[in-house]
Amino acid sequence: MKRIASIQDFSCIGSCSQTIALPVLSAMGVECAALPTALLSAHTAFDGFVSLDLTPQLPAIMAHWRAMHLRFDAVYTGYLASAEQVGLVGALLDDMDERPALTLIDPVMGDNGALYAGFSDAFPQAMRALCGRADVLTPNVTEACLLTGTAYSPVQDAAQTRRLLERLLELGCRAAVLTGLRVDGDMAVAALQRDGTGTLVRTSYIPEVFHGTGDLFASTCAGALVQGAPLERAVRLAADYVALTLRRTVQAPDRRWYGVNFQETLPELMARWQNIKEELP
Ligand code: PXL
């Protein structure tokens, strides 16, 4: 069984980060070693959340894992709580005995043109350095603009999208995957690899915003990629799964404002992944 180190916060309420990575990766048949970077009462969209920064604990956890001679097939980083923590995670990745086959970095820091609550203006600069280590980088449009120093615009035409992807590759990652695009009224995810291979996946637009969709996308991609799916296949699966979950969430009588009902759609993810897996060489 493949093993992924998932490095991101644990938010007790709000379905994001580890509380999405753990169930999604487990459902896809991957062992998720969840390294919590911070413990939050609820994610940062909730007023009054309290947070314990676990930065001082991270080197000790990694040292214990090293002493156990654990091997990781992939490292997946998501929400990191501070610029200092981003630097530390970079150093921890350097210290790993064996470089994992896949490093997926989701540079979580904002949406709708703004940084999330609690992030300083220095944060994107620190994240930029970490992004250079990524095999696969999965920003939304806001994060891509912050990382590349591009003025934010919610709508990107094809030329702007291509330019953003190229500028993300200039950070040093091997593949850039841009989420949350709008194309002719649809939602879209666009990817560009170093060898010039491009992918565009369109899904129908749902006029509502929920937290955690980026985490659902990145976790699904990580689960597929670590098990050998090509990038195009992983991106398609993840984009379709997020779209399905959004559709199901807006129909749910008990839907919540703060997150998606991915718990209801996990069986479909498992079935879809099983079909893909059977076709892989
Ligand atoms: O879903 C991204 C995310 C992850 N972790 C925390 C967050 C957010 C988005 O707001 O607050 C703590």
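**Charged and aromatic side-chain pairs in a predicted model**

Phe46 is buried, with a relative accessible area of 17%. That value falls in the buried class because the cut-off is under 20%. The model in which Phe46 is seen is a predicted one, and a look at its rings and charges makes a friendly way into the fold.

Aromatic rings come first. A pair of aromatic rings is described by the distance of the centres and the angle of the planes. Across the whole structure, 6 aromatic pairs are found. In one of them, the ring centres of Phe46 and Trp257 are 4.7 Å apart and the planes stand at 50°, so this pair is tilted. The two residues belong to distant parts of the chain, 211 residues apart: Phe46 is in the loop between β2 and β3 (51-53), while Trp257 is in the loop between α8 (231-251) and α9 (262-279). Ring pairs also bring in Tyr258, giving a cluster of Phe46, Trp257 and Tyr258.

Another tilted pair is formed by Tyr79 and Phe119, whose planes meet at 45° and whose ring centres lie 5.3 Å apart. Tyr79 is placed in the loop between β4 and α3, and Phe119 in the loop between β7 (114-115) and α4 (123-131), so parts of the chain 40 residues apart in sequence are tied together by this pair. Both Tyr79 and Phe119 are buried.

Tyr79 appears again among the surroundings of Thr37. Which strand holds Thr37? Thr37 is found in strand β2, and its relative accessible area of 0% makes it buried. Apart from neighbours within four places in sequence, the residues in contact with Thr37 are Ile7, Gln8, Asp9, Asp53, Leu54, Thr55, Leu58, Tyr79, Leu80 and Gln85.

Charged side chains tell the next part of the story. Side chains of opposite charge can pair when their charged atoms come close. In this model the count of salt bridges comes to 14. Arg3 and Glu31 form one such bridge, with an N to O distance of 3.3 Å. Because Arg3 lies in strand β1 (residues 3-11) and Glu31 in strand β2 (residues 31-40), the pair ties together parts that are 28 residues apart in sequence. Glu31 is partly exposed, at 36% relative accessibility. Arg3 has an aromatic partner as well: its charged end sits over the ring of Phe72, 5.9 Å from the ring centre.

Arg71 takes part in two salt bridges, one with Asp73 at 3.8 Å (N to O) and one with Glu98 at 3.2 Å (N to O). The bridge between Arg71 and Glu98 links distant parts of the chain, 27 residues apart, with Arg71 in the loop between α2 (58-67) and β4 (74-77) and Glu98 in the loop between α3 (83-95) and β5 (102-105). How exposed are these partners? Arg71 is partly exposed, with a relative accessible area of 44%, and Glu98 is partly exposed at 47%. Asp73, at 14% relative accessibility, is buried.

Elsewhere, salt bridges with shared partners join Arg162, Arg163, Glu166 and Glu170 into one network. A charge over a ring is found at Arg182 too, where the charged end sits over the ring of Tyr205, 3.6 Å from its centre.

Notes:
Residues are numbered from 1 along each chain as its sequence is written. This is a predicted model: local features need pLDDT of at least 70, side-chain atom pairs count only at pLDDT 80 or more; totals for chains, interfaces and linings use all residues. Side-chain values use heavy atoms; hydrogens and water are left out. A salt bridge is a side-chain nitrogen of Lys or Arg within 4 Å of a carboxyl oxygen of Asp or Glu. Helices (H or I, at least four residues) and strands (E, at least two) are DSSP runs, numbered from the N terminus. Buried means under 20% relative accessible area, exposed over 50%, partly exposed in between (1.4 Å probe, protein chains only). Contact means heavy atoms within 4.5 Å. Rings of Phe, Tyr and Trp (its six-membered ring) pair if their centres lie within 6.5 Å; planes under 30 degrees apart count as stacked, over 60 as edge-to-face and the rest as tilted. A charge sits over a ring if NZ of Lys or CZ of Arg is within 6 Å of the ring centre and within 35 degrees of the ring normal.
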